[in-house]
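Open your viewer, keep the sequence panel beside it, and let's take a walk through this protein together. At each stop you will get something to select and a short note on what is there.

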Amino acid sequence: HLINLQDRLGGKASSWRDEDGFLIETGYHIFVGFYERLTRLMKRAGIDVDDVVHPGGGHTYYYEPWSRRVHCIKSRMNVLAFAGQMLAYDGLPFWHRQSFNKTMAAAYLEAFTSPDLTAHDDLCFSSWAVEHGLRPEVLEYSIFRFFREAYFNWPEEVSAYAILQTLKYMRGAKTGEILYPTASLTETLWN
């Protein structure tokens with residue numbers, strides 16, 4: 001079955017060329033090192049993953065309009081170091097960083113101690129975060145928007161389960177690395 005979330009055939013898997021000939025993607029803009037099934041599927045399809053994926057040097061960049069700067073979080077590290085990077089993120093003003101840190105600490109604690117994260121599948125991550133101490137205005141910072149817009153790229157909110165499960169899977173340097181599809185992946189899949 002083809003699930004269609006857009007006004008064109010293919011939903012999140014669709015691609016098309018605009019009037020200038022540029023390839024427009026609807027689906028994922030990134031994927032994470034723990035997406036082992038995706039890379040196995042690409043290999044089965046004859047796609048050399050190393051030729052079509054750019055690891056980004058283990059860094060993820062966020063532009064925060066309030067500071068008019070690009071801020072960086074290193075993603076190629078173990079889970080404790082990555083969590084520390086998240087908690088030390090300098091892209092938030094101090095008064096919002098405290099709220100963000102409290103919420104992310106709760107998210108990591110939940111991700112690593114809950115025996116069943118599916119209980120959080122019926123609640124969007126934004127609501128979950130606010131219930132766990134996030135000030136609502138922090139939802140608009142790029143670091144937080146990344147969780148629900150750039151990473152998952154759904155047309156609506158992603159569930160708390162999806163984010164908590166992601167934090168759980170991002171345990172090491174390889175599984176936590178952010179990977180970027182290159183133009184050659186797009187062209188390979190287009191052809």
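## Charged pairs

Searching the whole structure, which is a predicted model, turns up two salt bridges. Arg69 and Asp90 form one of them, their side chains meeting at 3.5 Å, N to O. Show both residues as sticks and look at where they sit: Arg69 is in strand 6 and Asp90 is in the loop between helix 3 and helix 4, so the pair ties together parts that are 21 residues apart in sequence. How much of each partner is open to the outside? Arg69 has a relative accessible area of 41% and is partly exposed, and Asp90 is partly exposed too, at 36%.

Now select Arg135 and Glu137, whose side chains meet in a salt bridge of 2.7 Å, N to O. Arg135 counts as partly exposed at 37% relative accessibility, and Glu137 is partly exposed at 35%. As a general reminder, side chains of opposite charge can pair when their charged atoms come close.

## Around strand 6

Go back to Asp90 and add His71 to the selection. The side chains of His71 and Asp90 make a polar contact at 2.9 Å. His71 is part of strand 6, which covers residues 69-74. Is His71 buried or exposed? With a relative accessibility of 1%, it counts as buried. To see what surrounds His71, display Thr60, Tyr61, Tyr62, Glu64, Tyr89, Asp90 and Gly91, which it touches when residues up to four places away in sequence are not counted.

Step back along the chain to Arg68, in the loop between strand 5 and strand 6. Check its backbone: phi is near 55 degrees, a positive value in a residue other than glycine. Arg68 is exposed, with a relative accessible area of 70%.

Next, switch on the surface and colour Tyr61, Tyr63 and Val70. Together these residues make a nonpolar surface patch of about 340 Å². Tyr63 belongs to strand 5, residues 59-64, and is partly exposed, with a relative accessible area of 43%.

## Into the core

Hide the surface and go inside. Which residues have the most contacts inside the largest nonpolar core? They are Met86, Phe100, Ile143, Phe144 and Phe147, in a core of 42 residues. Many elements feed this core with at least two residues each: strand 3 (31-32), helix 2 (49-52), helix 3 (79-87), helix 4 (94-113), helix 5 (125-131), helix 6 (142-150), helix 7 (160-169) and strand 7 (178-181).

Centre the view on Ile143. Leaving out residues up to four places away in sequence, Ile143 touches Tyr62, Glu64, Ile73, Met86, Tyr89, Leu92 and Phe100.

Then select helix 7. Seven of its ten residues are buried, so helix 7 is largely enclosed by the rest of the structure. The buried ones are Ala160, Ala162, Ile163, Leu164, Gln165, Thr166 and Leu167.

## Two long-range meetings

Two pairs of residues are worth picking with the distance tool. Start with Phe34, in the loop between strand 3 and helix 1 (36-44). Phe34 is buried, with a relative accessible area of 17%. Draw a line from its C-alpha to that of Met170: the two are 136 residues apart in sequence and 7.0 Å apart in space.

For the second pair, find Ile30 in the loop between strand 2 (23-25) and strand 3. Ile30 is buried, with a relative accessible area of 6%. How far is its C-alpha from that of Ile178? The separation is 6.7 Å, although their positions lie 148 residues apart along the chain.

## The whole view

Finally, zoom out and show the cartoon. The protein has eight helices and seven strands. Of its 191 residues, 43% are buried. Among contacts with a separation of 6 or more, 61% join residues 24 or more positions apart. Turn the surface on once more: the protein exposes about 11000 Å², with carbon and sulfur atoms supplying 55% of it.

Technical notes: Residues are numbered from 1 along each chain as its sequence is written. This is a predicted model: local features need pLDDT of at least 70, side-chain atom pairs count only at pLDDT 80 or more; totals for chains, interfaces and linings use all residues. Side-chain values use heavy atoms; hydrogens and water are left out. A nonpolar core is a set of buried Ala, Val, Leu, Ile, Met, Phe, Trp, Tyr and Cys residues joined through side-chain atoms within 4.5 Å. Buried means under 20% relative accessible area, exposed over 50%, partly exposed in between (1.4 Å probe, protein chains only). Helices (H or I, at least four residues) and strands (E, at least two) are DSSP runs, numbered from the N terminus. Contact means heavy atoms within 4.5 Å. Patches are made of residues with over 30% relative accessible area and no salt bridge: like charges are joined within 9 Å, nonpolar side chains (Val, Leu, Ile, Met, Phe, Trp, Tyr) within 5 Å. Accessible areas come from the Shrake-Rupley method with a 1.4 Å probe; for residues, only the protein chains shown count as cover. A salt bridge is a side-chain nitrogen of Lys or Arg within 4 Å of a carboxyl oxygen of Asp or Glu. A polar contact is a pair of N or O atoms within 3.5 Å; within protein, one must be able to donate a hydrogen and the other to accept it, and residues adjacent in sequence count only if both atoms are side-chain atoms.
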